[in-house]
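Dear colleague,

I am handing over the structure we spoke about, and I would be glad if you could open it beside this message. Below it you will find what was found in it, set out topic by topic.

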Amino acid sequence: VDSKGTVGTVERRGRANGGACCGSATAACGHVLNVHKNGNPQDGGVAELIDAQQANVGKLLMPFAGRLAAASPDDLQVELSYSLQESQQQMIEQIVKKGASSVADGMIAVLGGVQINTPPEMEDYYWPKHFDLYDNKGVKQDELMWE
């Protein structure tokens, strides 16, 4: 959030002009919206051959294409943040399920949320969205977030 309240942009220390908070997310969103508009939401795009990390961000966002496309221009960056957080939460849950058996005795705590970057004269924020406790079988045992 920049000093004018615009979501999706940030003023960076040492730079005259602000820019996108996350260029990778912005590029992936553009790709997902383009693929969604052209009717092939499973298309991974040429980026897979060139930049595997960027292609992965697009792949993680692809299930959210409809939500992103339905967002108004004013709300697109907010919806992008929610969509990224949800896609990352799903990925973390898969990682926990796959690797939980490596925890011999104990629990796994997972905290997930949204980083909110602000202008240089302000403190940045972290907005927790999930705080879950899993056993060593990868089964969620408790949700520790308050309402």
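**The largest pocket**

In this model, which is predicted, the largest pocket has a volume of about 580 Å³. Three elements each give two or more residues to its lining, namely helix H1 (23–37), helix H5 (76–99) and strand S3 (108–116). The lining is made up of 23 residues, and those that lie nearest the centre of the pocket are Cys21, Ser81, Leu84, Val114 and Gln115. Which element gives the largest share of the lining? That share, 8 residues, comes from H5. When the lining is sorted by class, there are 13 nonpolar and 10 polar residues, while no charged residues are found there.

**The chain as a whole**

If you step back to the whole chain, you can count 5 helices and 5 strands, and their order from the N terminus on is β-β-α-α-α-α-α-β-β-β. Taken along the principal axes, the C-alpha atoms fill a box of roughly 50 × 40 × 30 Å. The chain has 147 residues, and 26% of them count as buried.

**Salt bridges**

The structure holds 4 salt bridges, and one of them is formed by Glu79 and Arg67, whose closest N and O atoms are 2.6 Å apart. This pair links distant parts of the chain, since Glu79 is in helix H5 and Arg67 is in helix H4 (residues 65–70), with the two residues 12 residues apart. Is Glu79 buried or exposed? Glu79 counts as buried because its relative accessibility is 18%, which is under the 20% cut-off, whereas Arg67, with a relative accessible area of 34%, is partly exposed.

Arg67 also meets the side chain of Glu86 in a salt bridge (3.0 Å, N to O), and this pair, too, links distant parts of the chain, with Arg67 in helix H4 and Glu86 in helix H5, 19 residues apart. Salt bridges that share partners therefore join Arg67, Glu79 and Glu86 into one network. Glu86 itself is partly exposed, its relative accessible area being 30%.

Another salt bridge brings together the side chains of Glu143 and Lys140 (3.5 Å, N to O); Glu143 counts as exposed at 54% relative accessibility, while Lys140, at 35%, counts as partly exposed.

**A nonpolar patch**

Finally, please look at Met91, Ile92 and Ile95, which make a nonpolar surface patch of about 230 Å². Ile92 lies in helix H5 and counts as partly exposed, with a relative accessibility of 33%.

With best wishes

Terms used. Residues are numbered from 1 along each chain as its sequence is written. This is a predicted model: local features need pLDDT of at least 70, side-chain atom pairs count only at pLDDT 80 or more; totals for chains, interfaces and linings use all residues. Side-chain values use heavy atoms; hydrogens and water are left out. On a 1 Å grid over the protein atoms alone, a cavity is a set of points where a 1.4 Å probe fits but cannot get out, and a pocket is an open set with protein on both sides within 12 Å along at least five of seven lines; lining residues have an atom within 4 Å of a point. Grid points are joined across faces, edges and corners, and a volume is the space filled by probe spheres set on the points. Helices (H or I, at least four residues) and strands (E, at least two) are DSSP runs, numbered from the N terminus. Ala, Val, Leu, Ile, Met, Phe, Trp, Tyr, Cys and Pro count as nonpolar, Asp, Glu, Lys and Arg as charged, and the others, Gly among them, as polar. Patches are made of residues with over 30% relative accessible area and no salt bridge: like charges are joined within 9 Å, nonpolar side chains (Val, Leu, Ile, Met, Phe, Trp, Tyr) within 5 Å. Accessible areas come from the Shrake-Rupley method with a 1.4 Å probe; for residues, only the protein chains shown count as cover. Buried means under 20% relative accessible area, exposed over 50%, partly exposed in between (1.4 Å probe, protein chains only).
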